[in-house]
Amino acid sequence: MSNANRDVWVFVEQRDGRAAEVSFELLSKGRKLADQLGGSLKALLLGHELGEAVRQAFHYGSDEVLLVEHPELRDYRTLPYSRVVGGLIAKQQPRIVLFGATFIGRDLAPRVASFTRSGLTADCTDLQIGDADYLRREYKDLLLQVRPAFGGNIIATIITPEAPVQMATVREGVMELVPQATPRGETVTRIPYEPTASDNLVTVVERHREERRNKVKSAPIVVAGGYGMGSKKNFALLHQLAQLIGGEVAGTRAAVDAGFITPDRQVGQTGLTVRPKLYIACGISGAIQHRAGMQESTRIIAINSDADAPIFDVCHYGIVGDAAAVIPLLIDGYRERLR
Amino acid sequence: MSCNSIVLVKQVPDTANISGQVMRPDGTINRAKLPAVFNPEDKVALELALQLKDRYGGKVTALTMGPPKASDLLRECLSMGADEVCLVSDRKFAGADTLATSYVLSRAIAKLGPFDLVFAGRQAIDGDTAQVGPQTAEKLDLPQITYAEQILELRDGVITVKRRIDDGYEVLRAPLPLLLTVIADAALPRPPRAKRLMACKHVRSLPELERMVDANSLLYIDTLVDEYVQQGRFIRTLTVDDLEVEAERCGLAGSPTKVKKVDSVVLTGGNHQRVPATREGLGQLVEELMNDRVFG
Ligand SMILES: Cc1cc2nc3c(=O)[nH]c(=O)nc-3n(C[C@H](O)[C@H](O)[C@H](O)COP(=O)(O)OP(=O)(O)OC[C@H]3O[C@@H](n4cnc5c(N)ncnc54)[C@H](O)[C@@H]3O)c2cc1C
């Protein structure tokens with residue numbers, strides 16, 4: 001299947017009319033992909049009263065904004081959004097569509113991919129344009145979707161050679177934010193929304209939003225614990241250290257699964273991506289899915305009882321020892337020097 | 001009102017327990033050595049379906065697509081209280097990505113149904129994609145509620161569900177039928193019941209009976225299946241011939257995503273400073289970081 005269209009679309013998600021940070025990150029990446037393909041970058045925006053979001057979409061590199069504004073689209077709802085987005089993609093066949101791997105993106109993208117029968121790769125850690133051979137056929141300018149694979153230190157490159165539309169989701173914080181000095185485009189294409197009965201099958205009875213819960217993403221210091229911390233009680237040491245040095249506590253998926261820490265503080269491919277000044281990894285083996293979320297930290301301290309743990313290959317300071325014994329010494333050392 | 005549910009379940013490698021045996025010397029994982037487990041959120045989904053049944057009546061069916069080995073998972077579903085189980089298994093279904101998987105699952109659901117509710121776990125721990133639920137819903141033209149945390153009410157064919165969103169929660173209301181994907185917090189799966197556990201030990205799927213026939217020339221598959229069906233010990237098994245599917249939409253052939261290549265990551269290694277785990281060593285580290293204004 002070939003697709004003459006070389007356009008890159010980014011689904012720009014919004015809450016209360018404010019576009020999500022991850023959408024700007026995707027536009028920044030989409031800009032580069034579109035330049036490489038020689039196509040245009042289009043931001044797809046659904047909602048109501050989106051003036052500011054539209055302006056920002058241009059600021060982050062869009063050539064064009066596809067705008068579907070209607071009071072009934074003010075808040076994200078699966079059925080109308082997936083019908084509109086799926087319909088537009090099926091009709092216009094962009095070469096690439098990117099979604100944030102958020103609660104909204106992960107609800108919407110698979111439904112749209114199913115409708116358009118497109119390939120969809122979740123939680124990519126890198127996206128590139130490149131040629132590929134597959135089953136002795138050559139394909140030009142494919143989207144190379146890079147993601148850690150289950151199984152040791154393995155990175156898989158996924159392609160969707162035969163699908164006209166290539167889709168991927170990316171977590172917040174993975175792609176770099178690149179604002180343009182001057183807005184690229186100014187074309188706003190308005191697309192009418194015509195409600196259907198089935199759009200309103202699911203109704204919202206109540207919606208409750210809290211303040212953004214944790215500051216792990218923006219913290220200058222992150223103290224992270226893994227399964228090797230052994231218990232929730234030992235995890236308290238991490239909280240103590242973090243509080244003392246002005247950091248936030250985070251963890252691995254194994255620590256989340258063990259109930260040592262809440263899922264919203266998971267760092268890694270399927271959690272948060274952080275780039276703090278200092279990352280302290282305690283009792284963390286350093287699996288590739290975890291490293292994907294922290295290896296760009298300015299400095300990394302690793303504490304692990306196993307001298308061969310892979311985390312030592314990405315750290316700047318390595319301490320071989322029992323984390324439950326080392327952390328109190330760090331705390332003491334810090335207190336002494338504060339005086 | 002009674003409520004008939006079907007629950008999508010998957011057997012996954014236990015990524016949480018990767019032991020020494022499993023790691024190859026080159027740092028890759030030997031999948032064959034990994035224990036296979038009930039995908040945790042699928043188990044929660046089954047629990048929710050069983051709770052609904054306890055409250056409102058109806059029937060719970062568990063459905064999996066997988067290799068013959070996945071029969072283990074279905075026995076576990078029976079021991080927890082599922083009324084019926086079904087294995088979808090065929091070489092032609094192997095190598096499926098989420099799109100091909102949801103296609104085959106949706107055809108199987110259509111064949112086994114109708115159902116009031118389709119349950120699935122939010123995601124499977126071997127891929128974390130969270131795609132199969134919504135894709136199955138789309139293929140069946142059903143509305144979906146993802147990240148379901150609690151079923152608040154079921155009345156007159158209308159369900160009210162509390163679901164998680166990234167900055168809080170929503171309460172949604174929808175008419176049945178509907179597909180729900182369920183998060184880990186939604187329920188605590190019940191342990192298997194001893195009596196049921198014993199009973200389902202001897203339940204077998206078609207590929208398992210076929211293997212018995214292969215090993216014993218005195219057995220005939222048709223009579224063996226008949227026997228197991230009559231004794232209520234047969235796991236219904238659907239192959240490509242039992243489903244109305246287009247072959248080119250199944251398995252590897254029906255999967256648009258392909259693995260182009262797999263790189264092992266070569267870690268730079270050894271480039272770091274070793275800090276002794278002593279009071280002095282750590283004190284010096286703290287001092288260095290304070291001097292560099294990393295903290296302090
Ligand atoms: C699809 C998918 C997505 C994933 N996404 C993520 C993700 O986003 N984030 C993530 O973190 N993981 C993720 N994982 C899981 C990942 O592969 C690893 O399983 C996980 O990161 C391991 O966590 P851990 O290092 O805490 O535990 P382990 O690998 O069990 O490591 C524990 C470490 O603690 C050390 N230790 C033990 N006792 C002590 C002690 N007393 N003192 C000091 N050290 C000690 C051990 O030597 C070991 O190195 C994902 C996996 C899959 C399949």
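In this predicted model, Arg155(B) stands opposite Val158(B), a residue of strand β8(B). That pairing belongs to a hairpin of β7(B) and β8(B), with two residues between the strands. The briefing then turns to the contact between chains A and B, to the ligand site, and to selected details of the backbone. The ligand site is shared between chains, because residues from chains A and B surround the ligand.

**The hairpin and its neighbouring strand in chain B**

- Strand β7 of chain B covers residues 144–155, and strand β8 of chain B covers residues 158–165.
- The two strands of the hairpin run antiparallel and are joined by six bridges.
- Within the turn, Asp156(B) has a positive phi of about 50°.
- Strand β7(B) also pairs with strand β10 (residues 178–182) of chain B; here the strands run parallel, and three bridges join them.
- In this parallel pairing, Ala148(B) has Val182(B) of β10(B) opposite to it.

**The interface between chains A and B**

- On the side of chain A, 78 residues are in contact with chain B, and 77 residues of chain B take part in return.
- About 6,900 Å² of area is buried between the two chains, and carbon and sulfur atoms give 58% of this area.
- Within chain A, the residues that lose the most area to chain B are Phe103(A), Arg111(A) and Phe150(A), which together account for 12% of what that side buries.
- Eight salt bridges are counted between chain A and chain B.
- A salt bridge connects Asp107(A) with Arg163(B), and the closest N and O atoms of this pair are 3.9 Å apart.
- The two chains also have 36 residue pairs in polar contact, counting pairs in which both residues have pLDDT 80 or more.
- Helix α8 (residues 323–338) of chain A gives the most to the side of chain A that touches chain B, contributing nine residues.
- By residue class, that side of chain A consists of 40 nonpolar, 17 polar and 21 charged residues.

**Strands that pair across the two chains**

- Strand β13 (residues 203–209) of chain A runs antiparallel to strand β9 (residues 168–175) of chain B, and six bridges join them.
- In this pairing, Glu206(A) is placed opposite Val171(B) of β9(B).
- Strand β18(A) is joined to strand β14 (residues 273–274) of chain B by two bridges, and these strands run parallel.
- Gly318(A) has Arg274(B) as its bridge partner in β14(B).
- Within chain A, β18 (residues 317–320) also pairs with strand β17 (residues 299–304), in the parallel sense and over four bridges.

**The ligand site**

- There are 29 residues around the ligand, and those that come nearest are Tyr227(A), Thr252(A), Ser285(A), Gln289(A) and Asn304(A).
- The side chain of Thr252(A) has an N or O atom 2.5 Å from an oxygen atom of the ligand.
- For Asn304(A), an N or O atom of the side chain is 2.7 Å from an oxygen atom of the ligand.
- Asn304(A) also has a place in a strand pairing, where Val320(A) of β18(A) stands opposite.
- Gly271(A) approaches the ligand through its backbone, with an N or O atom 3.5 Å from a ligand oxygen atom.

**Salt bridges in the whole structure**

- Over all chains, the structure contains 46 salt bridges.
- In one of them, the side chains of Asp141(A) and Arg6(A) meet at 2.5 Å, N to O.
- This pair links distant parts of the chain: Asp141(A) is in strand β9 (residues 137–149) of chain A, Arg6(A) is in the segment before β1 (8–12) of chain A, and the two are 135 residues apart.

**Details of the backbone**

- Gly113(B) and Pro114(B) are joined by a cis peptide bond, with omega near 5°.
- Pro114(B) lies in the loop between α3 (98–112) and β6 (117–121) of chain B.
- The peptide bond between Leu176(B) and Pro177(B) is also cis, and its omega is about 0°.
- Pro177(B) is located in the loop between β9 and β10 of chain B.
- Arg117(A), a residue other than glycine, has a positive phi near 55°.
- The position of Arg117(A) is in the loop between α4 (103–116) and β7 (119–121) of chain A.

Conventions: Residues numbered from 1 in each chain as written. Chains lettered and ligands numbered in written order. Predicted model: local features only at pLDDT ≥ 70, side-chain atom pairs only at ≥ 80, totals over all residues. Heavy atoms only, no water. Contact = heavy atoms within 4.5 Å. Buried area = accessible area lost by both parts, 1.4 Å probe. Salt bridge = Lys/Arg side-chain N within 4 Å of Asp/Glu carboxyl O. Polar contact = N/O pair within 3.5 Å; in protein donor to acceptor, adjacent residues only side chain to side chain. Nonpolar A, V, L, I, M, F, W, Y, C, P; charged D, E, K, R; others polar. Pairing = 2+ DSSP bridges. Near = heavy atom within 4 Å.
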